[in-house]
Amino acid sequence: MSAIKTDNIGKAYSALSSYYEKLAKEDGYEEWGERVVALAKKYAKGKKCADLACGSGYFTRKLKKAGFEVFGSDISAEMLTEAEKKSSEEGLYIEFRKQDLACFKSFEKLDLITVINDGFNYLDGEKFKKAVKSISQNLKSGGALIFDVSSEYKIKNVLANNVFAEDLDDLTLLWFNELIGDKLTMSLTFFIKDGEKYVRKDEIHTQYAHSAEFIKSALNEASLDIVEAFGADGKEIKENDERLNFVAVKR
């Protein structure tokens with residue numbers, strides 16, 4: 001799950017924001033962050049960078065520590081508050097902006113843009129194409145876009161019409177999924193410990209399945225050439241890969 005949305009997503013992270021990184025630890029965030037930084041150093045020709053759909057700012061902080069002049073943006077005010085808090089706790093000054101991924105704008109052309117951990121899955125096909133065009137317009141020639149998506153296989157064969165649960169010391173999460181066409185509706189119910197009782201909160205998230213072919217076509221239309229594409233294991237994309245990773249460079 002990730003950290004951006006369309007209009008309703010701004011509301012969707014009210015309960016999740018405080019627990020997002022704690023829940024995401026099982027996704028191998030440390031290794032993932034190091035891989036993103038290595039790709040950034042390999043492909044970015046300069047240091048000016050934006051981390052879009054940044055959520056609580058984990059990858060934004062990794063890029064900052066690696067020497068990039070990075071700002072983060074997200075549509076969720078709660079996530080941005082959490083990002084600012086965590087950055088401050090680590091002694092980092094990072095600017096965070098409230099922006100919709102589908103219509104991103106920067107004050108200056110950038111060397112690098114990242115969209116990590118499913119941000120693009122929260123956009124339907126038309127908004128995805130709009131987003132990559134906006135990103136391309138805000139990259140310098142030769143600038144790089146690094147991103148990933150939960151694959152069409154994962155959404156339709158792993159997440160679809162399934163139920164998941166997480167049980168932490170201070171939080172229990174139930175996660176119910178329903179797939180209609182390419183649209184996955186995720187109903188999350190949180191039971192958050194508050195003293196001797198638990199408080200219930202509910203959120204609805206919506207993600208969309210995008211095929212590798214669709215992604216490649218949309219990038220090409222936006223003058224972005226794929227220079228790397230790999231699955232979760234770092235190797236060539238396979239049919240049953242659950243996460244697809246891309247690096248594209250602006251023509």
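**A four-stranded sheet and the helix packed on it**

L179 of β7 stands opposite L184 in β8, strands being DSSP runs of E with at least two residues and helices runs of H or I with at least four, both numbered from the N terminus. The model is predicted, so local features need pLDDT of at least 70 and side-chain atom pairs count only at pLDDT 80 or more, while totals for chains, interfaces and linings use all residues. Residues are numbered from 1 along each chain as its sequence is written, and side-chain values use heavy atoms, with hydrogens and water left out.

The L179 and L184 pair belongs to an antiparallel pairing of β7 and β8 over ten bridges; two strands pair if DSSP finds at least two bridges between them. A hairpin with two residues between the strands links β7 and β8, and G181 in its turn has a positive phi of about 65°.

These two strands sit within an open sheet of four, ordered β6-β7-β8-β9 and paired antiparallel. Its edge strands, β6 (163–167) and β9 (197–208), each pair on one side only. On average, neighbouring strands of the sheet are turned by 15° against each other, direction ignored (axes are lines fitted to C-alpha atoms, for helices over the stretch in contact, and angles run from 0 to 180 degrees between N-to-C directions).

Helix α7 (residues 152–159) packs on this sheet and touches β6, β7 (171–180), β8 and β9, its direction making about 105° with that of β7; contact means heavy atoms within 4.5 Å. The buried residues of α7 are K154, I155 and L159, where buried means under 20% relative accessible area, exposed over 50% and partly exposed in between, with a 1.4 Å probe and protein chains only. Seen down the axis of α7, these buried residues fall within an arc of 95°, so they line one face of the helix; the arc is that of the directions from the helix axis to the C-beta atoms. Their cover includes β5 (139–150), β6, β7, β8, β9 and β11 (243–250). After α7 comes N161, with a positive phi near 50°.

Back in the sheet, β7 has a covered face made up of L171, L173, W175, N177 and L179, and an uncovered one with T172, L174, F176, E178 and I180. On the β6 side, five bridges pair β6 with β7 in the antiparallel sense. Here E166 stands opposite L173 in β7, and a hairpin of three residues joins β6 to β7.

At the other edge, β8 (residues 183–194) runs antiparallel to β9, with twelve bridges joining them. Within this pairing, M186 has H205 of β9 as its bridge partner.
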